[in-house]
Amino acid sequence: MFRFAVLFVTLLICFAALSCQSYSTGLQQSLARADETAATGTLHTIATAQQTYALTNGDNYGTFQQLCEGGYLDTRFNSDKPAIKDYVLSMEVGRDSDGPFFKLKADPADNGTKPGRHFYIDQSRMVRVNATQPATASDPVANP
């Protein structure tokens with residue numbers, strides 16, 4: 001009888017530990033998805049700021065600093081690589097044979113605590129995603 005009770009308690013402890021691990025993993029994934037939602041929302045906000053900036057600046061796109069100075073973005077973005085939640089943003093602006101462009105990326109901060117996908121947007125306003133490396137224009141469009 002005592003052995004049965006010890007076995008039963010041991011099994012209960014194992015099940016409790018497994019359910020805690022499952023809960024913890026689910027919580028981490030939920031936090032990562034919330035950060036991803038913030039990152040993609042920020043990409044859309046910056047793309048809108050770029051479109052508005054271009055209307056009054058000869059169809060040219062602006063850097064983070066130019067967008068902030070013009071009042072299109074707030075001061076959180078006034079650096080070369082601003083961070084939003086656990087994402088670091090980077091942007092390239094310029095002009096090529098097709099005309100002016102901007103390329104904006106949101107990559108997970110390299111803090112090793114939470115997983116995250118990589119995002120990209122440009123003047124097409126389509127968010128692209130890559131699970132393993134910085135996203136580019138050739139990656140698939142992110143599903144909402």
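Does phenylalanine 119 count as buried or exposed, and at what relative accessibility? In this predicted model, phenylalanine 119 has a relative accessibility of 1% and therefore counts as buried. A look at the aromatic rings helps to place this residue in context.

Three aromatic pairs are found in the structure. In one of them, the ring centres of tyrosine 53 and tyrosine 72 lie 5.5 Å apart, and the planes meet at 80°, so the arrangement is edge-to-face. This pair brings together distant parts of the chain, with the two positions 19 residues apart in numbering. Tyrosine 53 belongs to helix H1 (residues 2-55), while tyrosine 72 is found in the loop between helix H2 (64-69) and strand S1 (83-84). The two partners can also be described by their accessibility: tyrosine 53, at 10%, counts as buried, whereas tyrosine 72, at 27%, counts as partly exposed.

Phenylalanine 119 itself takes part in a pair with tyrosine 87. Here the centres are 6.0 Å apart and the planes stand at 50°, so the pair is classed as tilted. Again, distant parts of the chain are linked: tyrosine 87 lies in strand S2 (residues 87-96) and phenylalanine 119 in strand S4 (residues 118-122), 32 residues apart. Tyrosine 87 has a relative accessibility of 3% and counts as buried, and phenylalanine 119, at 1%, counts as buried too.

A contact between a charge and a ring completes the picture. The charged end of lysine 103 sits over the ring of phenylalanine 101, at 5.1 Å from the ring centre.

Terms used: Residues are numbered from 1 along each chain as its sequence is written. This is a predicted model: local features need pLDDT of at least 70, side-chain atom pairs count only at pLDDT 80 or more; totals for chains, interfaces and linings use all residues. Side-chain values use heavy atoms; hydrogens and water are left out. Rings of Phe, Tyr and Trp (its six-membered ring) pair if their centres lie within 6.5 Å; planes under 30 degrees apart count as stacked, over 60 as edge-to-face and the rest as tilted. Helices (H or I, at least four residues) and strands (E, at least two) are DSSP runs, numbered from the N terminus. Buried means under 20% relative accessible area, exposed over 50%, partly exposed in between (1.4 Å probe, protein chains only). A charge sits over a ring if NZ of Lys or CZ of Arg is within 6 Å of the ring centre and within 35 degrees of the ring normal.
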